Amino acid sequence: MEKSKIIIVEGPQGTGKTTLTNYLRENIPGSNLYRLHGQKDKSSSGKILSEKIYMALMEYLQKMQEIPMDLIFDRTFFTEEVYARLGYKEYQFTDIYEKLVNRLEKLDSDIYFIVLYLEEVKNYEKRLKREHHNYQSFSVENSRNQQEKYLEMAKELEDSKIHVITLAMDDFEKSYQKINELFEIK
């Protein structure tokens, strides 16, 4: 029996996470899509809450292995770590992040960590003109800083059990072609 997939799509604001995760959900039969937005508390009590949220997520993923369903995530704890690394949080999250990655690697699923980025700054400028209601301000500079951290994180995970894919989203059609090949979407 083929292992179920856990597909985690991460990346900075404006790269197309929602667009790509919707595409995956529509084109991978028997999949479920989750949009996680984290929590707004940037203080040390927020760290405790984030740890509880993401440890519960790991327990859920453990239980879901018994169900033949592919799971698609638009953000997870990787965003929490990136935001902490950038100083958007008053705390460091790396100790918990490492535990979570360790637990993720131990799951009996095919795990894909897809980091989206943009090669052209002008594409951030276009995409970030949309109206947003988020706790972290949208700006080209913030997105570029986040992009750097996500790509750094992808590099750190290259030797793990996790399938790491970095995907430029400047041209959606080219990106979809790569995704179609990766997940055998026809």
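Me: Before we dig in, what counts as a salt bridge here?
Reply: Look at a side-chain nitrogen of Lys or Arg and a carboxyl oxygen of Asp or Glu. The two count as a salt bridge when they lie within 4 Å.

Me: Okay, and how long is the one between Asp95 and Lys47, N to O?
Reply: Keep in mind that we're looking at a predicted model. Asp95 belongs to helix 4 (residues 94–106) and Lys47 to helix 2 (residues 44–64), so this pair links distant parts of the chain, 48 residues apart. Their side chains do meet in a salt bridge, and the N to O distance is 3.3 Å.

Me: Is Asp95 buried, partly exposed or exposed?
Reply: Buried needs under 20% relative accessible area, and exposed needs over 50%. Asp95 comes out at 41%, so the label is partly exposed.

Me: How many salt bridges are there by this rule?
Reply: Asp95 with Lys47 is one pair, and Glu158 with Lys155 is another, at 3.8 Å from N to O. There's also a network of salt bridges that links Glu81, Arg85, Lys149, Glu152 and Glu156. By this rule, the count is 10.

Me: Asp74 and Arg35 form a salt bridge too, so how far apart are they in sequence?
Reply: Their side chains meet at 2.7 Å, N to O. Asp74 sits in strand 3 (residues 70–74) while Arg35 sits in strand 2 (residues 31–35), so the bridge ties together parts whose separation in sequence is 39 residues.

Me: Which residue of that pair, Asp74 or Arg35, counts as buried?
Reply: The cut-off for buried is under 20% relative accessible area. Arg35 has 30%, so it's partly exposed. At 4%, the buried one is Asp74.

Me: What about Glu158 and Lys155: which one counts as exposed?
Reply: To be exposed, a residue needs over 50%. Glu158 has a relative accessible area of 48%, so it's partly exposed. Lys155 has 59%, and so the exposed one is Lys155.

Me: Let's go inside. Which helix holds Met153, and what is its relative accessible area?
Reply: Met153 is part of helix 6, which covers residues 140–156. Not counting residues up to four places away, Met153 touches Phe78, Glu81, Val82, Arg85, Tyr97 and Phe113. Met153 is buried, with a relative accessible area of 0%.

Me: And how far is the C-alpha atom of Met153 from that of Val115?
Reply: Along the chain, Met153 and Val115 are 38 residues apart. Between their C-alpha atoms, the separation is 9.1 Å.

Me: Tyr97 came up as a contact of Met153. Where does Tyr97 sit?
Reply: Tyr97 is buried, at 4% relative accessibility. Leaving aside neighbours within four places, its contacts include Phe77, Phe78 and Leu157, along with Met153. As for its place in the chain, Tyr97 is in helix 4.

Me: Lys5 is charged, so is it buried or exposed?
Reply: Lys5 is in strand 1 (residues 5–10). Beyond its sequence neighbours, Lys5 is in contact with residues including Met69, Asp110, Tyr112 and Phe183. Its relative accessible area is 13%, which is under the 20% limit, so Lys5 is buried.

Me: Lys5 also lines the second largest pocket. How many charged residues does that lining have?
Reply: The second largest pocket holds about 160 Å³ of space. Among the residues lining it are Glu2, Asp70, Pro29 and Ile185, as well as Lys5. By class, there are five nonpolar residues and one polar, and the charged ones number four.

Terms used: Residues numbered from 1 in each chain as written. Predicted model: local features only at pLDDT ≥ 70, side-chain atom pairs only at ≥ 80, totals over all residues. Heavy atoms only, no water. Helix = DSSP H or I, 4+ residues; strand = E, 2+ residues; numbered from the N terminus. Buried < 20%, exposed > 50% of the residue type's maximum accessible area, 1.4 Å probe, protein only. Contact = heavy atoms within 4.5 Å. 1 Å grid on protein atoms, 1.4 Å probe; cavity = no way out; pocket = protein on both sides within 12 Å on 5 of 7 lines; lining within 4 Å. Points joined across faces, edges and corners; volume = space filled by probe spheres on them. Nonpolar A, V, L, I, M, F, W, Y, C, P; charged D, E, K, R; others polar.
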